[in-house]
Amino acid sequence: MADVGGATALHYAAQNGRVECARRLLQHGGAEQLVSADACGNTPLILAAWNGHAACVTELLRLRSASQVARANTKGPQNDRAEYVQDVVLLHHQPLDQIMAMDLHGNTALMLAAQHGHVECVYQLLQYEPSLQVGCRNKYGQNALIKAVQSIQVECTVQLLRHKPELQVRATDNNDGNTALISAAQDGHTACVRALLKHDPLAQVSAANKRGNTALIAAALYGNVGCVAELLQHTPATQVTATNSDGETALELAVLHLDSSSHAHTVRLLLAHRAPIPQKQHVWNLLCNVVCDMAQTIVAPDMLHQAIAHSVSCLPCSSTNVHAASVKQRARRAKDGLDVLKGEVYIAASR
């Protein structure tokens, strides 16, 4: 019997983590209760996982209806053969039917457990057909890994990546075409980026979404300096030269969206890794301001000195003299501790 929302007593027991109630209900009903869905498409297992009831998840996956088992055992192949076979088939496929059941949005129990950070539920669910579960995607193209990363569920992310990581990290959502790494970098989830990059990092950092943004470009755009630092530990020369669909590099976007100190630190990191200097006049003007602000407020390390010198030397001939003079003029106002920086800028500009 179900209420107006299609929920049975077993649904309520699972939703509230009532393990003993669930066990008793299954003793007096068929195994079909385990895969019955309410009006929202939620099965008892989905509700238990969504609400973080690990013990209930374990029981629902383990239990077979006592009456169903008894019927299958007492009938035997000679008595009521057709019904016996039906019962045995149901018992055999019951865990798979539960773990692959989806709500109206296409979310499985694993996806919802991962999204809400219920790591013990994730662990218990992955004891059954893990390859099938981690490869499953909802109506929006999201797998459990993407949902975990978007919700900053680091422990769940690590747990999921123990199963077919190469399959999971390549999956993209239907909206922007983001991988889990691009989503993490865009949202500034540094710990998730670090966990993801332990698996096939070269393929992940080179992947781009529908706008052509790589993880580095996405991180630089939003000034997520921690993510930028993690990403630049893997083939930085390739990443800093990558462009999106509009021909913009990570450095160019960081400069154009310079509205916080995090963007300034991002620019500093990219320069230190020899990011190519933007050729657009207005972008270079902004970059000059950033460099001079660095010179006046921080003691830049030698690596940054060299990067800035390299940047000036790479300017187009038509603009070098004008902008080098501007840099010189502002560099004279730099603190005494940055004579090395000024000298390198002068030398590079005079070539």
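Start by selecting Gln 133 and the residues it touches: setting aside neighbours within four places in sequence, Gln 133 is in contact (heavy atoms within 4.5 Å) with Ile 99, Met 100, Leu 110, Leu 125, Leu 126 and Tyr 128. Before you go on, note that this is a predicted model, in which local features need pLDDT of at least 70, side-chain atom pairs count only at pLDDT 80 or more, and totals for chains, interfaces and linings use all residues. Residues are numbered from 1 along each chain as its sequence is written, and side-chain values use heavy atoms, with hydrogens and water left out.

**Stop 1: around Gln 133**

Show the cartoon and you will find Gln 133 in helix α9 (residues 130–135). Helices here are DSSP runs of H or I with at least four residues, strands are runs of E with at least two, and both are numbered from the N terminus. Is Gln 133 buried or exposed? Gln 133 is buried, because its relative accessible area is 2%; buried means under 20%, exposed over 50%, and partly exposed in between, with a 1.4 Å probe and protein chains only. Now draw a distance from the side chain of Gln 133 to the backbone oxygen of Leu 125, and you should read 2.6 Å.

**Stop 2: the whole chain**

Zoom out. The protein has 24 helices and zero strands. Of its 351 residues, 49% are buried. Among contacts with a separation of 6 or more, 70% join residues 24 or more positions apart. Switch on the surface: the protein exposes about 15900 Å², and carbon and sulfur atoms supply 53% of that. These areas come from the Shrake-Rupley method with a 1.4 Å probe; for residues, only the protein chains shown count as cover.

**Stop 3: the nonpolar core**

Next, select Leu 125, Leu 160, Leu 196, Leu 231 and Leu 270, the residues with the most contacts inside the largest nonpolar core, which has 77 residues. Helix α16 (residues 215–221) gives the largest share of this core, seven residues. A nonpolar core is a set of buried Ala, Val, Leu, Ile, Met, Phe, Trp, Tyr and Cys residues joined through side-chain atoms within 4.5 Å. In soluble globular proteins, nonpolar side chains tend to be buried together.

Centre on Leu 196. Not counting residues up to four places away in sequence, its partners include Leu 145, Val 149, Leu 161, Val 169 and Leu 181, along with Thr 157 and Gln 204.

**Stop 4: the loop with Asn 224**

From α16, step into the loop that leads to α17 (225–231), where you will meet Asn 224. Asn 224 counts as buried because its relative accessible area is 16%. A polar atom of the Asn 224 side chain lies 2.8 Å from the backbone oxygen of Ala 185. Beyond its neighbours within four places in sequence, Asn 224 is in contact with Ala 185, Gln 186, Asp 187, Gly 188, Ala 219 and Thr 266.

**Stop 5: helix α20**

Follow Thr 266 into α20, where the buried residues are His 263, Thr 266, Val 267, Leu 270, Leu 271 and Ala 272. How far apart are the end C-alpha atoms of helix α20 (residues 261–272)? They are 17 Å apart, which agrees with the 16 Å that its 12 residues should span at 1.5 Å a residue; the expected span is 1.5 Å times one less than the number of residues. Just after α20, Arg 274 takes a positive phi of about 60°.

**Stop 6: two more positive phi angles**

Most residues other than glycine have a negative phi, and most peptide bonds are trans. Select Lys 164, which is not a glycine yet has a positive phi of about 45°. Lys 164 lies in the loop between α11 (154–160) and α12 (165–169), and it is partly exposed because its relative accessibility is 40%. Then move to Asp 200, another residue that is not a glycine, with a positive phi of about 50°. Asp 200 sits in the loop between α14 (190–196) and α15 (201–206) and, at 30% relative accessibility, counts as partly exposed.

**Stop 7: the cysteines**

Finally, colour the cysteines. How many disulfides does a search of the whole structure find? The search finds zero, a disulfide being a pair of cysteine sulfur atoms within 2.5 Å. For Cys 156, the nearest cysteine sulfur is that of Cys 121, 8.8 Å away. Cys 156 is buried because its relative accessibility is 1%. Cys 21, in helix α2, counts as partly exposed at 42% relative accessibility.

Key
A polar contact is a pair of N or O atoms within 3.5 Å; within protein, one must be able to donate a hydrogen and the other to accept it, and residues adjacent in sequence count only if both atoms are side-chain atoms.
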